[in-house]
Number of protein chains: 2
Amino acid sequence: MPQFADRVAKAQRSFIREILKVTADPSVISFAGGLPNPASFPVAEIAAAAAKVLYESGPSALQYSTTEGYLPLREWIANRYRTKNGMDVDPSDILITTGSQQALDLVAKVVINAGDTVVMEKPGYLGAIQAFTIFRPSWRSVPLENDGPDLAALEQALDGAKLFYAVTSFQNPSGLSYSEEKRASVARLLSGRKVFFLEDDPYGELRFKGRALPPVYKQRPENSMLLGTFSKVAAPGFRLGWVVAKGEIMERLVIAKQAADLHTGSLDQMIVHQFLVDNDFEAHVARIRTLYGNQCRAMQAAIAKYFPKDVHVTEPEGGMFLWVTLPEGLSATELLKHSVACKVAFVPGAAFHVDGTGENTLRLNYSNADAETIDEGIRRLARCLETCLAGRDALEAEMQRGCQD
Amino acid sequence: MPQFADRVAKAQRSFIREILKVTADPSVISFAGGLPNPASFPVAEIAAAAAKVLYESGPSALQYSTTEGYLPLREWIANRYRTKNGMDVDPSDILITTGSQQALDLVAKVVINAGDTVVMEKPGYLGAIQAFTIFRPSWRSVPLENDGPDLAALEQALDGAKLFYAVTSFQNPSGLSYSEEKRASVARLLSGRKVFFLEDDPYGELRFKGRALPPVYKQRPENSMLLGTFSKVAAPGFRLGWVVAKGEIMERLVIAKQAADLHTGSLDQMIVHQFLVDNDFEAHVARIRTLYGNQCRAMQAAIAKYFPKDVHVTEPEGGMFLWVTLPEGLSATELLKHSVACKVAFVPGAAFHVDGTGENTLRLNYSNADAETIDEGIRRLARCLETCLAGRDALEAEMQRGCQD
């Protein structure tokens, strides 16, 4: 057999993917996925939009289209940045991508030579780690604090780096956000440095607590790229995301996009645009915020009720995730084996670390379960945690007995 | 500014893209694009399918989905290969891609190290050249004859090569097809050689003349990948294509796909599947074949009527393109400048060559214009050709006068 390219010779399927297979069993309560709640999908409005687009513009919705994307949709996005965040974004600064995962691939293609240094948050988004890994960078990582990155560590990490990747609001996996002060500090650290900045903002619209903050991109647009997506505010099944960038960067992203898939689906773009202009988007997003806010509080309440005291949990102001740190020495991978037997699942945190650490961390998703299910799932998980904390002997005894819960 | 990755440092926008901008002027008759005829789009059937999918399965059509693609659609595709071509294709051998352009990108990612030898047809498909160029291969090319590749040249080119890319039926840009004998010879040449074979078959369903032939993949599946698409038999606006491959190759393509865009749009896949099962696909494709066959004959008739005798044109048995070879020394790029002034456009052939040749060739598309428009466009183009053939002085005089037609 001929040899595969070096970039995929050692590639492996995502660990999360494999976990999700286990959770296909409907008796397992899964906090493992990262799925938006389908109750938030505007199915009837999308059906109406699809019918209208196909009736009024069928042939053009089904034809090849421009690589940059459907202009009215790009105008809508630019206008949202202007009105919501006072940002100077022109429709020509926007490239529609096949989900923001594609934007990660395109940016990696355009920016990373093998061996270039990429600075990640710690913990960092797994989808970005996967997209970048294909292009074989060297990694550095900067610990996240409750209000954003450790600035001294970031300053050091940026030295000679090619790219800094950050999810600044309600990060996946940690749920943490950059404060106003840290946003300003990061912009200052980046200014004058020869480094690309990639700000990923899939959850920015999903703030259910605290005050809205504009992306760091607003303060430091040069050499920067900002990603957005309709996956969390319309529906992920469309695979519709975008990159905001200017000038030379945009030019190269468009060339890479053309070679990658010519353009993103015309029909999808036109349906989502029709949905946006025919409905009250603010009211729609407000409903999602309320839904996820309630579910987050339900999970926090259950954690307060059931979890052992020496387990640390983050306090997100939006988004879809909570991040759990177990006492040093405990393994979330071991915990998962036990918890799956007890019919509750999560994602162990090691996969979100590029430095081999994070074995005692895990991610919990609260967007895709109701309050009652959340309570029951956290109760089960707490029981497994207690067993793990009681030590290896107790865990092995329990696993041999089977879950007695 | 930081440096871009080497792979895109010298990248340029597609020349065809730039030509297509010129042809946005509705007074220009364009044979430049590669667009299916929107008259062939089943708009009402797609609208019915979209309504049904959203009514019956809205939440799952709008949710994240598996990387491999929607299983019923993969089953439909596998079944079509079995019934139409007697091929041994299992649904698990099929990965749904975001158009077959994405399949080109994924294959390149998985196979090509910088410097690896890629064997292209001469002329070769531009979209593949663009996708592969990102991964910086060395090129070899093998001349196409009327019945397929020059076998002696292919045998030599395969020596030490990593990948051979071929469009075996009604090729873009030439319109040429591999005969039954050449298909067998190519399979024989590949067998026992350590080389990946990528067979691209976007037009295979569009045969309006001659006898259907199965893909070479049927005879040599090991180390091979076969691409297909719904762009030419349903609609390109969906961006729905697929790769057929087995075992280790499929495993790596899935990993690359997951990093590239997680999965192809769920709604699009379900709409197209619903369209396929609710309608008579054979009858639908037969209508497209008849339409394109008539338009091809109209173009051939106009060429016979108007073109100078020493211009060579291919005789396709299907697909969307004719390939024109001008007498040596003539430049299709120069001709285009003149023809645009005379309100007719095409694609100069040099871009389809990886060896810097082909200046005297050009591609004509017949799928997207009716017979009357085709006659008028070919008449205009013939007039420009006559002027070019009369020599540089005549051309310059004519261009200064403007088109007198």
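How many residues does each of chain B and chain A bring to the contact? Chain B gives 63 residues and chain A gives 63 residues. Please keep in mind that this is a predicted model. Below is a friendly tour of the chain, the pairing of the two copies, and two helix packings.

**Chain A as a whole**

- Chain A contains 14 helices and 14 strands.
- Its C-alpha atoms occupy a box of roughly 65 × 55 × 50 Å along the principal axes.
- The radius of gyration of chain A is 22 Å, which agrees with the value near 22 Å for a compact globule of 405 residues.

**How the two copies are related**

- Chain B superposes on chain A after a rotation of 180° with 0.0 Å of shift along the axis, and the RMSD is 0.0 Å.
- The two copies are therefore related as by a two-fold rotation axis.
- Both copies use the same surface, since 100% of the contact residues of chain B recur in chain A.

**The side of chain B that touches chain A**

- To recap, the contact draws 63 residues from chain B and 63 residues from chain A.
- On chain B, at least two residues each come from α1 (6-9), α3 (43-62), α5 (99-111), α6 (126-133), α9 (247-261) and α10 (266-278).
- α3(B) provides the largest share of this side, with 11 residues.
- Sorted by class, this side of chain B holds 36 nonpolar, 16 polar and 11 charged residues.

**Helices α5 and α6 of chain A**

- Helix α5 (residues 99-111) of chain A and helix α6 (residues 126-133) of chain A cross at roughly 35°, and their axes come within 9 Å.
- The crossing of α5(A) past α6(A) is right-handed.
- From α5(A), the contact uses A:Q101, A:L104, A:D105 and A:A108, while α6(A) adds A:G127, A:A128, A:A131 and A:F132.
- Five nonpolar, two polar and one charged residues make up this contact of α5(A) with α6(A).

**Helices α12 and α13 of chain B**

- Helix α12 (residues 332-341) of chain B packs against helix α13 (residues 371-389) of chain B at an angle of about 130°, with the axes 10 Å apart.
- This angle makes α12(B) oblique to α13(B).
- α12(B) crosses α13(B) in a right-handed sense.
- On the α12(B) side are B:E334, B:L335, B:H338 and B:S339, which meet B:L381, B:C384, B:L385, B:T387 and B:C388 of α13(B).
- The contact of α12(B) with α13(B) comprises five nonpolar, three polar and one charged residues.

Note on methods: Residues numbered from 1 in each chain as written. Chains lettered and ligands numbered in written order. Predicted model: local features only at pLDDT ≥ 70, side-chain atom pairs only at ≥ 80, totals over all residues. Axes fitted to C-alpha atoms, helices over the stretch in contact; angles between N-to-C directions. Helix = DSSP H or I, 4+ residues; strand = E, 2+ residues; numbered from the N terminus. Parallel < 35°, antiparallel > 145°, perpendicular 65-115°, else oblique. Left-handed = near helix turned anticlockwise from the far one by under 90°. Contact = placed C-beta atoms within 7 Å. Nonpolar A, V, L, I, M, F, W, Y, C, P; charged D, E, K, R; others polar. Least-squares fit on C-alpha atoms with pLDDT ≥ 70 in both. Rg over C-alpha atoms; globule rule 2.2 N^0.38 Å.
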